[in-house]
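The exercises below ask for a careful reading of one protein model, from paired strands to cores and domains. Each task is followed by a solution that goes step by step.

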Amino acid sequence: MQLPTVMNSAALRSHWHVVAETNDVVSGPLAVTLLGEKLVVWRDSTGSLVAAPDRCPHREAPLSAGVVKDGCLSCVYHGWVFGVDGRCVDVPSSGKGVPVPPRAHLSVVAAAERYGLVWLCLGEPVAPIPEMTADSDPSFRRINSGVAIWKAAATRMVDNFLDVSHFPYVHSGTFGGAQEPLVPPIELVDLDDGYHGYRYEVVANNPDEAQATSGSADALVERTMTSGFCLPLAVRSTIAYESGLQHVILLLSSPIDESTSYFTFVVWRNDDFDVPGEEVISFDRAIGEEDRKMLEQLSGGLPLEQTALTSVQADRASVEWRRRLTTMMGS
Ligand code: FES
Ligand SMILES: [Fe+2]
């Protein structure tokens, strides 16, 4: 059976994907691309997000080139105005009192705000936005990192985020230098909040620049970690230090096209909140940069046929994620 690709998968269209942070859409309009579709996002007069194809129904001008005033988006070409739910509320050339053509209204796509992020779903959502219990736990704070564009396929990114065997190589400049290349047997289990993955212990380098993150001044720190996925493309990594400190990272990759993706990570952490957020995540940022540099050297998406790549025991989580993803895409 021929598998659909990520780009034409109906299943991917019916899940939520991050395209921006909520602060990126103060009023708008913001142009984004998801699964090859150009979209415009803005806030209507109630403050709610509106997302629609970035193409005016009149003569196809990009709506993202327009202006938002009082929550209404006006097209830059002939001034048609779109309001709540993308409804066309004014066609200036027709004058007042003339009804707007029914097809002038925009076909909006589902938009939601959660964890400081803008999530879009191009089809009918079949699953909720991935759960993060820490978000409603007052002992944790949330730190957003911004949304970047990586010249890498989202599937390559998820594969990498589930992988520990690259740590001593790709991350030798940050936390990976002290790590054994040998990966202990990976046992896949259902983790909390609907993630599926594995637990493992690592001894990590704790250089000066990592100490704000680890909360320890020791040269090496022991961390108990879990790493798991929530279909289709979310990966959650939790790090628990001996001190009781927990650092939870949600890594999100959204396909812009076959080989370009939005990337963001969000951190939740139960510390005493005195280290500034940007300092806490600067080490994670440096680690992400190491992954980005590696992944941008790989071309195209991860082959999804199980036999197309050679995998070993250490790749178990990624192999299982790929199996479930392809099942989801084929169903
Ligand atoms: S193209 Fe938008 S109003 Fe004409
Ligand atoms: Fe990595």
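**Exercise 1. Describe the hairpin formed by β9 and β10, and then the surroundings of β10.**

Solution. Begin with the turn: β9 and β10 form a hairpin with two residues between them, and Tyr-115 in this turn has a positive phi of about 60°. Helices (H or I, at least four residues) and strands (E, at least two) are here DSSP runs, numbered from the N terminus. The model is a predicted one, in which local features need pLDDT of at least 70 and side-chain atom pairs count only at pLDDT 80 or more, whereas totals for chains, interfaces and linings use all residues. Residues are numbered from 1 along each chain as its sequence is written, and chains are lettered from A and ligands numbered from 1 in the order in which they are written.

Next, turn to the pairing, where two strands count as paired if DSSP finds at least two bridges between them. Strand β9 (residues 110-114) runs antiparallel to β10 and is joined to it by five bridges, with Ala-112 standing opposite Trp-119 in β10. Strand β1 (residues 17-21) is also antiparallel to β10, through four bridges, and here Glu-21 stands opposite Leu-117.

Finally, consider burial, for which a residue is buried if 20 or more other C-beta atoms lie within 10 Å of its own, exposed if 12 or fewer, and partly exposed in between, with C-beta atoms placed from the backbone. By this criterion five of the five residues of β10 (residues 117-121) are buried. In a regular strand the side chains alternate between the two faces of the sheet. In β10, Leu-117, Trp-119 and Cys-121 lie on one side and Val-118 and Leu-120 on the other, and both faces are covered.

**Exercise 2. Which strands form the edges of the open sheet β2-β3-β4, and how are its strands arranged?**

Solution. The sheet has three strands in the order β2-β3-β4, with antiparallel pairing. Its edge strands are β2 (30-34) and β4 (49-53), each of which pairs on one side only. Neighbouring strands are turned by 30° against each other on average, direction ignored, where the axes are lines fitted to C-alpha atoms (for helices over the stretch in contact) and angles run from 0 to 180 degrees between N-to-C directions. As a detail of the pairing, five bridges connect β3 (residues 37-43) with β4, and Arg-43 stands opposite Leu-49.

**Exercise 3. Trace the pairing from β14 through β15 to β16.**

Solution. Start with β14 (residues 196-205), which is antiparallel to β15 (residues 220-230) and joined to it by 10 bridges; Tyr-200 stands opposite Met-225 in β15. Then follow β15 into β16 (residues 234-241), with which it pairs in the antiparallel sense over eight bridges. A hairpin of three residues joins β15 to β16, and Cys-230 stands opposite Ala-234.

**Exercise 4. Is helix α2 enclosed or open?**

Solution. Eight of the eight residues of α2 (residues 154-161) are buried, so this helix is largely enclosed by the rest of the structure. Among the buried residues of α2 are the charged-name positions Arg-156 and Asp-159, together with Val-158 and Phe-161.

**Exercise 5. Locate the nonpolar cores and relate them to the domains.**

Solution. A nonpolar core is a set of buried Ala, Val, Leu, Ile, Met, Phe, Trp, Tyr and Cys residues joined through C-beta atoms within 7 Å. The largest core has 76 residues, of which Val-41, Val-118, Leu-120, Val-158 and Phe-229 touch the most other members. This core draws at least three residues from each of domain 1 (17-121) and domain 2 (137-330), the bounds coming from an automatic or database domain assignment. A second, separate core has six residues, including Ala-204 and Ile-287.

For the boundary, note that 12 residues of domain 1 are in contact with 12 residues of domain 2, two residues being in contact if their C-beta atoms, placed from the backbone, lie within 7 Å. On the side of domain 1 that touches domain 2, β1 gives the most, with five residues. The C-alpha centres of the two domains lie 34 Å apart.
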